[in-house]
Amino acid sequence: MDKKIYTLLTIFIIYFVTAVSMSLFPGAQKVLTALIFGGLGIVLFLGAFMIWVLNRKNEG
């Protein structure tokens with residue numbers, strides 16, 4: 001199979017396990033929600049920071 005198929009299957013399995021966990025276990029719902037939103041915020045901040053640093057390095 002193609003590498004894209006493996007990537008899509010992996011993403012689907014992660015999504016499915018997360019969705020089932022959040023549906024069945026209220027505690028998991030709280031933890032996973034915090035991880036998703038907290039992690040997303042950290043990734044967005046670090047991404048913007050790295051772009052800013054790289055742009056400054058290219059200017060100077």
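**Note on a two-helix chain**

1. Val20 is partly exposed, since its relative accessible area is 33%, a value that falls between the 20% limit below which a residue counts as buried and the 50% limit above which a residue counts as exposed. This residue lies in helix H1, and its C-alpha atom is separated by 24 Å from that of Lys4, the two being 16 residues apart along the chain. Like everything else in this note, these values come from a predicted model.

2. The secondary structure of the chain comes to 2 helices and 0 strands. Helix H1 covers residues 3-24 and helix H2 covers residues 26-59, and their axes, which come within 5 Å, cross at roughly 130 degrees. That angle makes H1 oblique to H2, because an angle has to be over 145 degrees to count as roughly antiparallel, while roughly perpendicular is kept for 65 to 115 degrees.

3. Which residues form the contact of H1 with H2? On the H1 side they are Thr18, Ser21, Met22 and Leu24, and these meet Pro26, Ala28, Gln29, Leu32 and Thr33 of H2. By class, the residues of this contact divide into 5 nonpolar, 4 polar and no charged.

4. Ile51, which lies in helix H2, is exposed, because its relative accessible area of 53% is over the 50% cut-off for that class. Between the C-alpha atoms of Ile51 and Ser23 the distance is 37 Å in space, with these positions 28 residues apart in sequence counted as their separation.

5. For the chain as a whole, the radius of gyration is 17 Å, whereas a compact globule of 60 residues would have a value near 10 Å. Taken along the principal axes, the box that the C-alpha atoms fill is roughly 55 × 35 × 5 Å.

6. What share of the 60 residues is buried? The share is 0%, and the accessible surface of the chain comes to about 5,500 Å², with 76% of that surface belonging to carbon and sulfur atoms.

Definitions and conventions:
Residues numbered from 1 in each chain as written. Predicted model: local features only at pLDDT ≥ 70, side-chain atom pairs only at ≥ 80, totals over all residues. Heavy atoms only, no water. Axes fitted to C-alpha atoms, helices over the stretch in contact; angles between N-to-C directions. Helix = DSSP H or I, 4+ residues; strand = E, 2+ residues; numbered from the N terminus. Parallel < 35°, antiparallel > 145°, perpendicular 65-115°, else oblique. Contact = heavy atoms within 4.5 Å. Nonpolar A, V, L, I, M, F, W, Y, C, P; charged D, E, K, R; others polar. Buried < 20%, exposed > 50% of the residue type's maximum accessible area, 1.4 Å probe, protein only. Rg over C-alpha atoms; globule rule 2.2 N^0.38 Å. Areas by Shrake-Rupley, 256 points an atom, 1.4 Å probe, with all protein chains shown as cover.
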